[in-house]
Amino acid sequence: MRHPRICFYVSDFGYGHAARAIALTRELQEALSAEVTIRTGSPAEFMARSLPGVEVRWGQNDPGVVMEGAAVEGEKTRAAVERWVASWDDYIATERSFLHDHQIDLVLSDIAPQPFLAAEELGIPSFGISNFTWHLIYTHLFGKTEETDRIAEAYRAADGALILPLHEPMEVFSNRREVGLVARRVTRGREDLRGLPRARPLVYLRPPEPAAIRGCTCLVPSWTEIPGTISIPPDETETQDWIAACDLVVSKPGYSSISEAIRAGVPMALFRREGFAEDDHLISGIERMGIGREIPAAAVLDGSWVGDLDSLTGLRENFDRIDDLFKRDGTKECIDILREMV
């Protein structure tokens with residue numbers, strides 16, 4: 001019996017898209033016995049280590065935005081977007097050949113737009129999966145342009161989109177199916193993770209360049225070295241276990257950190273990325289449920305947020321009252337929808 005063949009295009013911007021794509025790919029393999037191929041750029045090595053046996057093709061899909069500290073650098077981002085869209089014809093020709101030669105049955109994208117055009121030319125069904133689109137991000141930054149029009153056209157070529165919680169309207173997709181959280185499963189507790197304190201509060205702290213904090217123990221990503229903190233081991237792939245072990249997450253509103261914190265019942269203190277429109281939807285949703293608060297980026301840099309440590313960690317009690325959408329297993333809901341496509 002031939003197993004369904006799926007090509008999954010994953011954004012190069014950060015690791016949040018990669019983390020939820022890993023969760024969905026594992027379920028595609030387990031529930032559908034699917035043969036999944038990943039194409040991505042900067043997260044490729046991380047995804048290959050997380051998904052043994054899955055072919056991970058290195059190749060850039062999208063430029064994201066250029067960040068300077070906690071703010072989007074507009075002109076550098078505009079130039080990157082113009083170069084990206086100008087390269088689409090070559091990209092689509094390459095991917096069209098790959099999809100045809102490998103007899104791909106389904107295309108998924110989180111959330112590069114141009115793979116949908118390659119799939120459409122071959123008559124292969126395609127779905128997006130995300131809580132936002134690059135159309136939102138770039139129209140928020142630059143208004144309506146030739147590039148944003150072409151991005152919207154590409155999204156409209158998809159057969160549909162699986163819409164994750166805390167989403168923007170995503171009206172550029174005509175067929176939208178709302179699903180629950182897609183997040184990697186927690187497999188270990190704090191007692192199973194080497195070097196973590198048992199008695200002191202443990203806080204997951206994300207850059208840019210946060211100050212070391214007294215009064216709690218701070219856990220930082222593997223690529224960060226701050227005296228007095230604990231770094232996640234560099235060879236670790238299941239970072240969701242480390243977030244779940246914490247009493248608080250202090251971070252930019254990265255989707256994977258938020259979804260994995262929600263799934264583990266860990267409250268959040270979030271600082272906004274100036275100019276990045278996704279943050280409005282993420283922060284407002286977290287504050288509406290009472291499981292986190294927005295804090296100034298300056299408070300992360302100087303460490304003054306720790307004055308609210310007790311009240312922030314106390315938000316944990318509100319998880320019992322979060323919306324049912326956040327308690328559902330969106331990974332399995334995605335599978336139920338995609339099963340009909342392959």
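Helices (H or I, at least four residues) and strands (E, at least two) are DSSP runs, numbered from the N terminus. The model here is predicted, so local features need pLDDT of at least 70 and side-chain atom pairs count only at pLDDT 80 or more, while totals for chains, interfaces and linings use all residues. Residues are numbered from 1 along each chain as its sequence is written, and side-chain values use heavy atoms, with hydrogens and water left out.

**Exercise 1. Get the overall picture: count the helices and strands, then check the radius of gyration.**

Step 1. Tally the elements: the protein has 13 helices and 15 strands.

Step 2. Take the radius of gyration over C-alpha atoms, and use the globule rule of 2.2 Å times the number of residues to the power 0.38. For 342 residues, a compact globule would come out near 20 Å, and the protein agrees, with 20 Å.

Step 3. Box it in. Along the principal axes, the C-alpha atoms fill roughly 60 × 50 × 35 Å.

Step 4. Look at burial (buried is under 20% relative accessible area, exposed over 50%, partly exposed in between, with a 1.4 Å probe and protein chains only). Of the 342 residues, 58% count as buried.

Step 5. Now for contacts, meaning heavy atoms within 4.5 Å. Among those with a separation of 6 or more, 65% join residues 24 or more positions apart.

**Exercise 2. Work out which strands S8 pairs with, and where its side chains go.**

Step 1. Two strands pair if DSSP finds at least two bridges between them. S8 (residues 160-163) pairs with S7 (residues 126-130) in the parallel sense over 4 bridges. Here glycine 128 has alanine 161 as its bridge partner in S8.

Step 2. S8 also pairs with S9 (residues 176-178), again in the parallel sense, over 3 bridges. Leucine 162 stands opposite arginine 177 in S9.

Step 3. Sort the side chains: Gly160 and Leu162 point one way, Ala161 and Ile163 the other, and all are buried.

**Exercise 3. Lay out the sheet that contains S10, and find what packs on it.**

Step 1. Write down the order: S12-S11-S10-S13-S14-S15, an open sheet of 6 strands with parallel pairing. The edges are S12 (230-231) and S15 (292-294), each pairing on one side only.

Step 2. Zoom in on S10 (residues 202-205) and S11 (residues 217-220), which pair over 3 bridges. Tyrosine 204 stands opposite leucine 219 in S11.

Step 3. Add the helices (axes are lines fitted to C-alpha atoms, for helices over the stretch in contact, and angles run from 0 to 180 degrees between N-to-C directions). H9 (residues 255-264) touches S10, S13 (248-251) and S14 (268-270), and its direction makes about 160 degrees with that of S14. H10 touches S14 and S15, making about 135 degrees with S15.

**Exercise 4. Find the buried residues of H6, and say what they pack against.**

Step 1. In H6 (residues 134-142), the buried residues are Trp134, Leu136, Ile137, Tyr138 and Phe142.

Step 2. These pack against H3 (74-86), H7 (146-156) and H10 (278-289).

Step 3. Look just past the helix: glycine 143 follows H6, and its phi is positive, near 80 degrees.

**Exercise 5. Explain why cysteine 7 forms no disulfide.**

Step 1. A disulfide is a pair of cysteine sulfur atoms within 2.5 Å. The structure holds 0 of them.

Step 2. The closest cysteine sulfur to that of cysteine 7 belongs to cysteine 334, and at 17 Å it's too far for a bond. Cysteine 7 is buried, with a relative accessible area of 0%.
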